Each structure stands twice: as C-alpha cells, then as structure tokens.
Amino acid sequence: MSTAVEDVVAKTQDVEIDPKSAVASNNNITNGSAKGAGEEAKQEKAQEQMVKKEVPLQLEPKSGVSFPVELDDGKQLFAAGLRKKSMFGVGIKVYGFGMYTDNEKMKEVMKSKIGKCPTKPTKEMYQAVIDSDFGMTVKMVIVYTSLTMSMVKKSFDEGLGAAIKKLTGGKNDELIKKLLGEASDDMKLPKDSVIEITRLPGYTLQTTVMGKGVSKVESELLCKAYCYLYLGEDPLDKEAKEKFGMSLLSLF
C-alpha cells in the first residue's frame, strides 16, 4: 500500500507545466509590480507639485499691496510702486505694481552696455533696460474699487500714446489698442484684480487679465513704450523708478 506522501509525488509527476505559461505568469507579476511602483511615483510627483513653494511677500506701502518676491517662472521682484490718476482734482490710487525681471539676463545687459558700476543710476542704465528684450513682467493689482476695463484702456491709451510720441515723435493709436484689444470694455475689475503684462524675448508683449490671456503683440516699439512708462523721463512712480535703479546697481 502506498503512503499519502507517495500518492502526492505521483500526482505531481503526472502534471505537465507549460514553460510559456510559467514565464507569462512571472512576467505578469513583475509587470504588475512595476506598474504599481510607477503609479505610486506619479502620485508622489503630483503631490509635490500641489505643495507650492512658500514665497516671501514684500509690502508696497503706498498701495497696501503685498507682492511675492519671486514669480512662478523665476523672475525676481526688482521694484514696486503705485499708479495714481488725477480725477476731478483728486489723486486716485488705481493700482499697485511690482516689476519683475530675469536677473541673469539683466546682469548680462548691464555689464555689456554699461561696463563698470556707476556711483548712482544713470539715464543710460534705464535706457538699456527699455531697449533690451529680456524677460520682464509688470504685475498690477487693482486698489480702486470701481474700475472697469474701459477706464484701464483709456489710461493706457494716454500713457502709451505719450510714450510713443516721445520715442518716435508721432502717434500709433492702432498699435496701442492691441495691448488690451480683446478685453471687453464692460469688464469689471474689482479690488485685488490682477493684470500682468510681460515682455517676452523677441519684443513680444503678452497681457493677461485675472489669469486669462487677452493679447500677445509682437512689436519692438510697443515693448519700448510700455517700459518707458515706468522707467522713462516722466515715470508713473518716480520712487519706484529710483528703487529699480538701485536694484540695477546691485547687479554689478
């Protein structure tokens, strides 16, 4: 009489194992483990992206607006100021603004066009920034409580019109209107609304209103005129221009 152990051994010997099936089974286990690890890695990466880097804020005292010292794309806050507008003989605070630049590109421009560090900011330094095409962003945060897009357009029409006339001696109303052309005149801009106008390499001016793109205009003249508003002979905020100049000196 055979024992129970002998019966089990005999039955096992009668079973044929397909080598291909065994390999496939092993591969499924391996692939499943790899897939699981891949999904875990994706989830971890997504969680890392969701956790935003804490960026310090800098208060612009005249407007009461706090600006991050660095934007998501790496541009650094160079200066901050306040845009005021005279209405009925009263100075109205319209928006606080922060000026952000690509510091490495800015440093290259200063060293190539200015050379040695001057004792104080010069007209040539500001002009070098106006004429160049490295990345630069002006972040505007509305502080006036009853602002509409039509009012913003009118303000830019006047400011850019004067800047273009100063730079060229003539007018270019059609070019000016392209800056905010796609934004509806009826759009309300409540307090804390954000408008960003960015100069991209290649003399392209890109505008976003509350996170939505409204224009992208390739024009060297428009780029220079827009920078001239903040860094030209009659800037929107003289103190902000002076702060910008001191930041330029720090690059040398």
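This passage walks through the sheet, the helices packed on it and the nonpolar cores of a predicted model.

A good place to begin is the sheet. Six strands form an open sheet in the order 3-4-5-8-9-10, with antiparallel pairing. Strand 3 and strand 10 (212-218) each have a single partner strand, so these two stand at the edges and one side of each is left without a neighbour in the sheet. On average, neighbouring strands of this sheet are turned by 20 degrees against each other, direction ignored. Strand 3 and strand 4 are joined in the antiparallel sense by 11 bridges, and one of the pairs places Gln76 opposite its bridge partner Thr101 in strand 4. Moving along the sheet, strand 4 and strand 5 run antiparallel and share seven bridges; here Gly96 stands opposite Val141 of strand 5. Strand 5 pairs in turn with strand 8, again in the antiparallel sense, over six bridges, and Val138 has Ile197 of strand 8 as its bridge partner.

Strand 5 deserves a closer look. Seven of its seven residues are buried. In a regular strand the side chains alternate between the two faces of the sheet. In strand 5, Met136, Val138, Met140 and Ile142 point one way, while Thr137, Lys139 and Val141 point the other way, and all are buried.

Helices pack against this sheet. Helix 7 (residues 220-231) touches strand 4, strand 5 (136-142), strand 8 (194-200), strand 9 (204-209) and strand 10, and its direction makes about 55 degrees with that of strand 5. Helix 8, for its part, lies across strand 3, strand 4 and strand 5 and runs at about 165 degrees to strand 3.

The nonpolar residues can be followed next. The largest nonpolar core holds 53 residues, of which Met140, Phe156, Tyr226, Tyr230, Phe244 and Leu248 touch the most other members. Helix 7 gives the most to this core, with nine residues. Setting aside residues up to four places away in sequence, Phe156 touches Met140, Gly161, Ile176, Leu179, Leu180, Ile197, Tyr226 and Leu229. A second, separate core comprises eight residues, among them Phe67, Leu71, Leu77 and Val141.

Helix 5 (residues 149-168) also contains Asp157. With a relative accessibility of 29%, Asp157 counts as partly exposed, because that value falls between the 20% limit for buried residues and the 50% limit for exposed ones. Beyond its neighbours within four places in sequence, Asp157 is in contact with Ile176 and Lys177. The C-alpha atoms of Asp157 and Leu180 are separated by 9.9 Å, the two residues being 23 residues apart along the chain.

Helix 3 (residues 103-113) rounds off the description, with Met106, Val109 and Met110 as its buried residues. These cover an arc of only 95 degrees around the axis, which means that they lie on the same side of helix 3. The cover over them includes strand 3 (76-87), strand 4 (90-101), helix 4 (123-131) and helix 8 (238-249). On the face turned away from this buried side, helix 3 carries the exposed residues Glu104 and Ser112. Both ends of the helix merit a word. At the N-terminal end, Asp102 acts as a cap, with a side-chain oxygen 3.3 Å from the backbone nitrogen of Glu104. Just after helix 3, Gly115 adopts a positive phi of about 85 degrees.

Definitions and conventions:
Residues numbered from 1 in each chain as written. Predicted model: local features only at pLDDT ≥ 70, side-chain atom pairs only at ≥ 80, totals over all residues. Heavy atoms only, no water. Buried < 20%, exposed > 50% of the residue type's maximum accessible area, 1.4 Å probe, protein only. Helix = DSSP H or I, 4+ residues; strand = E, 2+ residues; numbered from the N terminus. Arc of directions from axis to C-beta. Contact = heavy atoms within 4.5 Å. Polar contact = N/O pair within 3.5 Å; in protein donor to acceptor, adjacent residues only side chain to side chain. Pairing = 2+ DSSP bridges. Axes fitted to C-alpha atoms, helices over the stretch in contact; angles between N-to-C directions. Core = buried A, V, L, I, M, F, W, Y, C linked by side-chain atoms within 4.5 Å.
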